[in-house]
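Subject: Structure handover

Hello,

Here is the structure I promised to pass on. Please open it next to this message and follow along.

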Amino acid sequence: MSQLTCKDVSLGYEGMTVTRDINFTVNKGDYLCIVGENGSGKSTLIKALLKLKSPISGEIIYDEGLSASEIGYLPQQTIVQRDFPASVTEIVMSGFSGSNGLRPFYTKAQKERAKKNMERLDITELANRCYRELSGGQQQRVLLARALCATESLLLLDEPVAGLDPKVTAEMYDLINQINEKYGITIIMVSHDLNAALSHATHILHLSDHPLFFGTKDDYLESKVGKAFVDMMGGIS
């Protein structure tokens with residue numbers, strides 16, 4: 001069952017097209033990794049999927065029952081965000097803000113769901129800690145739990161392991177893989193880590209000034225584009 005489809009989408013900013021003619025479909029349970037050189041429009045596409053940015057042309061179609069506000073989003077962190085003075089529980093619960101509208105309180109069901117997501121990501125013991133006092137890996141787990149409070153169907157992750165050490169990076173990828181396989185949540189992830197993309201993803205979207213490839217991971221590895229990019233990135237370890 002498809003969850004979202006991009007049809008002939010072109011993206012850019014300040015009157016300049018960055019990438020054009022993007023066509024792909026994401027089905028429930030897919031793990032799509034978006035790769036490509038710097039400046040190829042990866043993060044811009046994520047913003048368009050969230051309706052934070054309008055396409056220059058084309059359309060993004062959401063399956064019935066899915067809207068941009070019901071997609072969990074884990075953005076790249078800024079220095080200001082890392083220093084945010086709130087408790088872990090407050091950060092996680094804020095994932096419901098998009099669905100609460102003007103309601104100033106959280107329901108019992110939302111509190112239980114937040115608790116479950118914190119348990120899934122092994123951060124229950126951090127519940128009362130101040131977010132800015134946590135390590136980078138702990139902060140990313142908190143933000144991932146927050147994103148899970150916004151959705152039960154699809155997560156958008158923009159460089160979720162940026163700045164993390166190798167051990168914590170591997171743990172984070174394992175968590176994301178578990179969310180996809182165990183809980184059936186669709187993953188769309190932007191990554192510069194080609195090895196991780198090819199280890200975990202079911203599908204690859206390779207962007208350039210025009211889309212070079214969309215298809216399964218296996219087909220990507222056999223494609224001219226995929227082989228060239230793997231070579232350019234130093235091969236697969």
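Below are notes on the pockets, the salt bridges and one helix.

First, a caution: this is a predicted model.

**Pockets**

Start with the largest pocket. It holds about 610 Å³ of space. Its lining counts 30 residues, and those closest to the centre are Tyr 73, Ser 94, Gly 95, Ser 97 and Arg 146. Four elements each give two or more residues to this lining: strand β5 (72-74) and the helices α4 (97-100), α5 (108-120) and α6 (136-149). Helix α6 supplies the largest share, 4 residues. By class, the lining splits into 15 nonpolar, 11 polar and 4 charged residues.

The second largest pocket has about 160 Å³ of space. It is lined by 14 residues; closest to its centre are Gly 39, Ser 40, Gly 41, Lys 42 and Ser 43. Helix α1 (residues 42-49) gives the most here, with 3 residues. The classes are 3 nonpolar, 8 polar and 3 charged.

**Salt bridges**

Side chains of opposite charge can pair when their charged atoms come close. In this model the count is 3 salt bridges.

One joins Glu 152 and Arg 113, at 3.7 Å from N to O. This pair ties together distant parts of the chain, 39 residues apart: Glu 152 sits in the loop between α6 and β6 (154-158), and Arg 113 sits in helix α5. How exposed is each partner? Glu 152 has 58% relative accessibility, so it counts as exposed, the cut-off being over 50%. Arg 113 has 23%, so it counts as partly exposed.

The other two share a residue, Glu 171. Arg 141 meets Glu 171 at 3.8 Å, N to O. That pair also links distant parts of the chain, with Arg 141 in helix α6 and Glu 171 in helix α7, 30 residues apart. Lys 167 meets Glu 171 at 2.6 Å, N to O. Both of these residues lie in α7, 4 residues apart, about one turn of the helix. Together, Arg 141, Lys 167 and Glu 171 are linked in a network of salt bridges.

Which members of this network are buried, and which are exposed? Arg 141 has a relative accessible area of 18%; buried means under 20%, so Arg 141 is buried. Glu 171 is at 27% and counts as partly exposed. Lys 167 is at 59% and counts as exposed.

**Helix α7**

Two residues of that network belong to α7, namely Lys 167 and Glu 171, so here is the rest of what I have on the helix. Helix α7 covers residues 166-183, which is 18 residues. From first C-alpha to last it reaches 25 Å, close to the 26 Å expected at 1.5 Å a residue.

What happens at its start? A side-chain oxygen of Asp 165 reaches to within 3.1 Å of the backbone nitrogen of Lys 167. So Lys 167 has a backbone contact there and a side-chain salt bridge to Glu 171.The buried residues of α7 are Thr 169, Met 172, Tyr 173, Leu 175, Ile 176, Asn 177, Ile 179 and Asn 180. Just after the helix, Gly 184 takes a positive phi of about 70°.

Best wishes

How values were computed:
Residues numbered from 1 in each chain as written. Predicted model: local features only at pLDDT ≥ 70, side-chain atom pairs only at ≥ 80, totals over all residues. Heavy atoms only, no water. Expected span 1.5 Å × (residues − 1). Buried < 20%, exposed > 50% of the residue type's maximum accessible area, 1.4 Å probe, protein only. Polar contact = N/O pair within 3.5 Å; in protein donor to acceptor, adjacent residues only side chain to side chain. 1 Å grid on protein atoms, 1.4 Å probe; cavity = no way out; pocket = protein on both sides within 12 Å on 5 of 7 lines; lining within 4 Å. Points joined across faces, edges and corners; volume = space filled by probe spheres on them. Nonpolar A, V, L, I, M, F, W, Y, C, P; charged D, E, K, R; others polar. Salt bridge = Lys/Arg side-chain N within 4 Å of Asp/Glu carboxyl O.
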